[in-house]
Amino acid sequence: METVLAPTGGRTDNGDPVVLDVVIPVHNEEQDLEPCVRTVRAYLAVSVPYRFRITIADNASTDGTPEVARRLAERFSEVSVLSMPEKGRGRALKAAWLASDAAVVAYMDVDLSTDLAALGALVAPLLSGHSDVAIGSRLARGARVVRGAKREFISRSYNLILRAVLGARFSDAQCGFKALRADAARSLLPHVEDTGWFFDTELLVLAQRGGMRTYEVPVDWIDDPESSVDIVRTAIADLHGVARMWRSRSRKAGRAVRSARVAAPAW
């Protein structure tokens, strides 16, 4: 059974509800975490007219990441920390989103490969009730992407496989820049099985099967050449996930998602 330590930090300065909770999942990111959080906080402070939170979702870091996260939470009232003893990016996102009290939950990768200027367009359709899920897309028309040929080939091939095998109608499953309405997250997350990198794909496929509306935002994205992600290993794990969802070909989860949905709140 998983153990999740309660969020710490995130002190409240007033009684206004949190509208946006941006989760940053991390595992051994002691070098990149502080500049990332400071950059995101500074951007949100001048760019959004509502209360926000930044949640550092640390999953089993063994370096100085927990100490950096604690220091940031002590320094900034908008920052909180969720600590998990088990590794898994999907596991961390699921726990952080389910624990959040915000109207909209989002996440971005610690390397900030995606330009933050797209955040407003990502959140707006969720706050208005137009959409249930919003994703950044590196493959949508208007996106500007800088990355190597190997990553470009793998990304495009993977998304073509999703279309052919799972009937996906979204263009980019794995861009680390997504947001959900809180009610959509509560409906979807109990049915997402993957705890790693396939989490994103499974979430989007279940949202599609459940009749949820997904909005795509073309993003400017620059590859991080020092990324610790093993592209080949991740791609193989993703393909195993695709095979699992194809073998089931069950609408059971989709029906469960639809039955659990609630009416759009009026924010």
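**Exercise 1. Determine which residues Met245 contacts beyond four places in sequence, and whether Met245 is buried or exposed.**

Solution. Leaving aside neighbours within four places in sequence, Met245 is in contact (heavy atoms within 4.5 Å) with Leu166, Phe198, Glu202, Val205, Leu206 and Arg209. Met245 lies in helix H8, where helices (H or I, at least four residues) and strands (E, at least two) are DSSP runs numbered from the N terminus. One of these partners, Val205, is 40 residues away from Met245 in sequence, with a C-alpha to C-alpha distance of 9.0 Å. Met245 counts as buried because its relative accessibility is 4%; buried means under 20% relative accessible area, exposed over 50%, and partly exposed in between (1.4 Å probe, protein chains only).

This is a predicted model, in which local features need pLDDT of at least 70 and side-chain atom pairs count only at pLDDT 80 or more, while totals for chains, interfaces and linings use all residues. Residues are numbered from 1 along each chain as its sequence is written, and side-chain values use heavy atoms, with hydrogens and water left out.

**Exercise 2. Find the nonpolar surface patch to which Leu239 belongs, and state which helices supply at least two of its residues.**

Solution. Leu239 is found in helix H8 and is partly exposed, with a relative accessible area of 40%. Together with Ile161, Val165 and Trp246, Leu239 makes a nonpolar patch of about 320 Å². For such patches, residues need over 30% relative accessible area and no salt bridge, like charges being joined within 9 Å and nonpolar side chains (Val, Leu, Ile, Met, Phe, Trp, Tyr) within 5 Å; accessible areas come from the Shrake-Rupley method with a 1.4 Å probe, and for residues only the protein chains shown count as cover. Helix H5 (149-166) and helix H8 (231-248) each supply at least two residues of the patch.

**Exercise 3. Identify the residues that touch the most other members of the largest nonpolar core, and the element that gives the largest share.**

Solution. A nonpolar core is a set of buried Ala, Val, Leu, Ile, Met, Phe, Trp, Tyr and Cys residues joined through side-chain atoms within 4.5 Å. The largest one has 37 residues, of which Leu20, Leu33, Leu44 and Ile56 touch the most other members. Among the elements that give two or more residues to this core are strand E2 (20-26), helix H1 (33-47) and strand E3 (52-59), and H1 provides the largest share, 5 residues. Beyond four places in sequence, the contacts of Leu33 include Val26, Ile56 and Leu72.

**Exercise 4. Explain what the salt bridges of Arg53 and Asp132 tie together.**

Solution. A salt bridge is a side-chain nitrogen of Lys or Arg within 4 Å of a carboxyl oxygen of Asp or Glu. Arg53 pairs in this way with Asp21, their closest N and O atoms being 3.0 Å apart. Because Arg53 lies in strand E3 and Asp21 in strand E2, the pair ties together parts that are 32 residues apart in sequence; Arg53 and Asp21 are both buried.

Asp132 forms a salt bridge with Arg213, with the closest N and O atoms 3.4 Å apart. Asp132 lies in the loop between H4 and strand E6 (133-137) and Arg213 in the loop between H7 and strand E9 (214-218), so the pair ties together parts that are 81 residues apart in sequence. Asp132 is buried, with a relative accessible area of 1%, whereas Arg213 counts as partly exposed at 39% relative accessibility.
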